Amino acid sequence: MTRGTLVYIVQRAVLIAFTVLVVSFGVFYVVHSLPGNAFISDRLHGRALQLLLHQYGLDQPIIIQYWNWLKGAIHGDLGISLVTRGAAVTPIVMQELSVSAMVGGAALVFTVGLGLLFGVLAAIRQNTWVDYLFTTFAVIGYSVPSFVIGSLGILVFAQWLNTVTSGAVYYPLPWQGTYGGGGISTLISISLPAISIGLYTSGQITRITRASMLEVTQQDYIRTARAKGLRARVITIRHALRNALVPVMSIMPSTVLGILTGVLVIENIYGIPGLGKEFVESIFTHDYNLTVGVFTIYTVLIGVANLAVDLLYAVVDPRIRY
Amino acid sequence: MATTVISPDTDVVTEYAGGTLAREQVSLWRDGLRRLRRNKLAVIAMVFLVLLALETVVSLFWTPYDPNLVGACPTYAFPSAQHLMGCDDLGRDELSRVMVGTQVSLAVGLATAFVVLVVGVLVGLIAGYLRGWIDALISLIINIFYGVPPILPAIALYVLLGRSVQNIIIAISATAWMDMARLVRGQALSIREREYVEAARSSGSKTRKILFTHVFPNALGPIIVQATFSIPIAILTAAFLTFLGFGVPPPQADWGGIASEGLQSLQAGFDPYILLFPSIAISLTLLAFNFFGDGLRDAFDPRQKR
């Protein structure tokens, strides 16, 4: 790692910190401005409600509340949950992060694997039925919303298959997350959510891989390699694909965003206890600290993911230096 | 010597005397439209979208049943001749609800595209052409939100503003213009260095005139393509919002909301058609917009490869 790389990482870290600051204040302001509050269902009135609000510091001006939250957040303390009274938000969010990260990671592997495979196959069989099949499949992939694929997954695997085989095939639907452990059952439960998310993003990867493969395979060094008598597979994988990866890397940030959105939606369909489910629930229950905490974690996550993508860029294309 | 010129799609043979090779003069737009017309998928998509627009207009005045009438038919009635798509948990006619649901999707898609077009292009032009502190500020804002999935601020903003179709449009547009601004800024940065802009500047044209008569028209191809693709993205985001329960106020029907009800019915053990019909509707619509956008891109923005 050179000095320039370090400087670049520090610059990006500053931008991430600034993003978190702006975005967390925005969300903080918005959720605290929502009508109603977390205690409304308690049938508390008058002085009792005031006392409770005071206890949680919710009667102070919003700037001061944010300042207090920020002081804690810098030390890794994202406050306490208002619905699950007194439970610290940080461990809850970190646990949910591990669940979401597993689903998102599986979706990413699926996306990149399928996208590259289909893209390369479509390119080396350009203008044949293989090409048309995969490019059409790619457009269908990013046209069908992930909630549709997720719902169909439930319909087919959790209900239809179960009925048809009279219970012999059982798809464990609500994956509760494995805190440690794992194994084949986790892999099976995680696959359906991951595929529902990944089909959308794999479509984009297929298309960009195909386009950049077509461009790379026209270049002289490929002809040279072919003239040398190298096998087609070696040329495709070692010579062409490696160079075709550079444009593919350039859409990875949007892939990461797509997967995160997908995880958010799919978690709510499949009842997976991750960040996305928590985000939606905490908005409905006015659990301010959880909403802001989840949002903050999301922002940090994307910042770090994008930084990782940019650093990987330099690995894929050594001409790029920071 | 006479040269024969055959124009590619009219098959008109023109004889030229004198030996100069003449080519039919084709404007950028005619050339693009011609390429678009040859793209079968794009044409099919266009026909579908026109039919969808017609269906939306029809649904404003007429649906088979009142879409919000509870008890128009038996609860969970299976699709039949009277109720082509069956009935939902409250005995409302599904076909009528899916038809009316088109209104929300198209309204959100088109209105967001309009906001994206106006705001994104203006901001991008100003940032890219003027540069300086204003560009720094705009770029900073865009960079901050670049790392946030658009659905998160959309959810937060929508909940704050309250439930209505109008607020869905505001919530989605709030971040959707940034992609367009980023694109237009890049175009403006490169176009402002061209000779014709320099010529206009040195002959005393006002900034506003340069922006709209020189910079904007030369970036129009990518702008149109980007605006077209912002429609399915907005429809998809709106469907996510309504599916997650941040929907339009009931009883108003929209596709994400119906699909969400359908999933609940499915999990309660009922037939899946309530889920299937709005899902098919939204998937076909997004597919049509994407194919149409691809066709536009191939026709008007050939340098772009994605």
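Let's start at one small spot: H286(A) sits in the loop between α11 (275-284) and α12 (288-316) of chain A. Keep in mind as you look around that this is a predicted model. H286(A) has a positive phi of about 60°, even though it is not a glycine. Is H286(A) buried or exposed? There are 20 other C-beta atoms within 10 Å of H286(A), so it is buried; 20 or more is what that label takes.

Now hop to another loop in chain A, the one between α4 (89-124) and α5 (129-141), where you'll find N127(A). Here too the phi is positive, about 60°, and the residue is not a glycine. The surroundings of N127(A) are another story: it has 8 C-beta neighbours inside 10 Å, so N127(A) counts as exposed. The cut-off for that label is 12 or fewer.

Time to zoom out to chain A as a whole. How many helices and strands does chain A have? The count is twelve helices and zero strands. Walk along the sequence and the pattern reads α-α-α-α-α-α-α-α-α-α-α-α. Of the 322 residues in chain A, 41% are buried. You can also ask how far along the chain the contacts reach. Take the contacts in chain A between residues at least 6 apart in sequence: 73% of these join residues at least 24 apart.

How confident is the predictor about all this? For chain A the mean pLDDT is 83, with 90% of the residues reaching 70 or more. Which elements of chain A have the lowest and the highest mean pLDDT? Helix α2 (residues 46-55) of chain A has the lowest, at 75, and helix α8 (residues 220-228) of chain A has the highest, at 90. As a rule of reading, predicted coordinates should not be taken in detail where pLDDT is low.

Stay with α8(A) for a moment. Zero of its nine residues are buried, so α8(A) lies largely in the open. Just after α8(A) comes G229(A), which takes a positive phi of about 95°.

Next, look at how two helices of chain A pack. α4(A) and α11(A) meet at an angle of about 125°, and their axes are 8 Å apart. That angle makes α4(A) oblique to α11(A). Which residues do the touching? E96(A), L97(A) and S100(A) in α4(A) meet L275(A), G276(A) and E278(A) in α11(A). Sorted by class, this contact of α4(A) with α11(A) has two nonpolar, two polar and two charged residues.

For a residue with a partner from far along the chain, find V304(A) in helix α12 of chain A. V304(A) and R12(A) are 292 residues apart along the chain, yet their C-alpha atoms are separated by 8.9 Å. V304(A) has 14 C-beta neighbours inside 10 Å, so it counts as partly exposed.

Over to chain B. The domain assignment splits chain B into domain 1 (1-27) and domain 2 (39-304). Taken over C-alpha atoms, the centres of domain 1 of chain B and domain 2 of chain B are 43 Å apart. Chain B also has a helix out in the open: of the eight residues of helix α7 (residues 195-202) of chain B, zero are buried, so this helix lies largely in the open. Just after α7(B), G204(B) takes a positive phi of about 90°.

For a contrast, go to T242(B) in helix α9 of chain B. T242(B) has 26 C-beta neighbours inside 10 Å, so it counts as buried. Setting aside its neighbours within four places in sequence, T242(B) is in contact with G247(B), V248(B), D254(B), G256(B) and G257(B). T242(B) and I168(B) are 74 residues apart in sequence and, C-alpha to C-alpha, 9.3 Å apart in space.

Finally, let's put the two chains together. In this model, 31 residues of chain B are in contact with 38 residues of chain A. On the chain B side, the elements giving two or more residues are α4 (132-146), α5 (151-161), α9 (220-243), α10 (255-267) and α11 (273-300) of chain B. Which of them gives the most? That is α11(B), with eight residues. By class, the side of chain B that touches chain A has 24 nonpolar, five polar and two charged residues.

Methods: Residues are numbered from 1 along each chain as its sequence is written. Chains are lettered from A and ligands numbered from 1 in the order in which they are written. This is a predicted model: local features need pLDDT of at least 70, side-chain atom pairs count only at pLDDT 80 or more; totals for chains, interfaces and linings use all residues. Two residues are in contact if their C-beta atoms, placed from the backbone, lie within 7 Å. Helices (H or I, at least four residues) and strands (E, at least two) are DSSP runs, numbered from the N terminus. Ala, Val, Leu, Ile, Met, Phe, Trp, Tyr, Cys and Pro count as nonpolar, Asp, Glu, Lys and Arg as charged, and the others, Gly among them, as polar. Domain bounds come from an automatic or database domain assignment. pLDDT is the predictor's confidence in each residue, from 0 to 100. Axes are lines fitted to C-alpha atoms, for helices over the stretch in contact, and angles run from 0 to 180 degrees between N-to-C directions. Angles under 35 degrees count as roughly parallel, over 145 as roughly antiparallel, 65 to 115 as roughly perpendicular and the rest as oblique.
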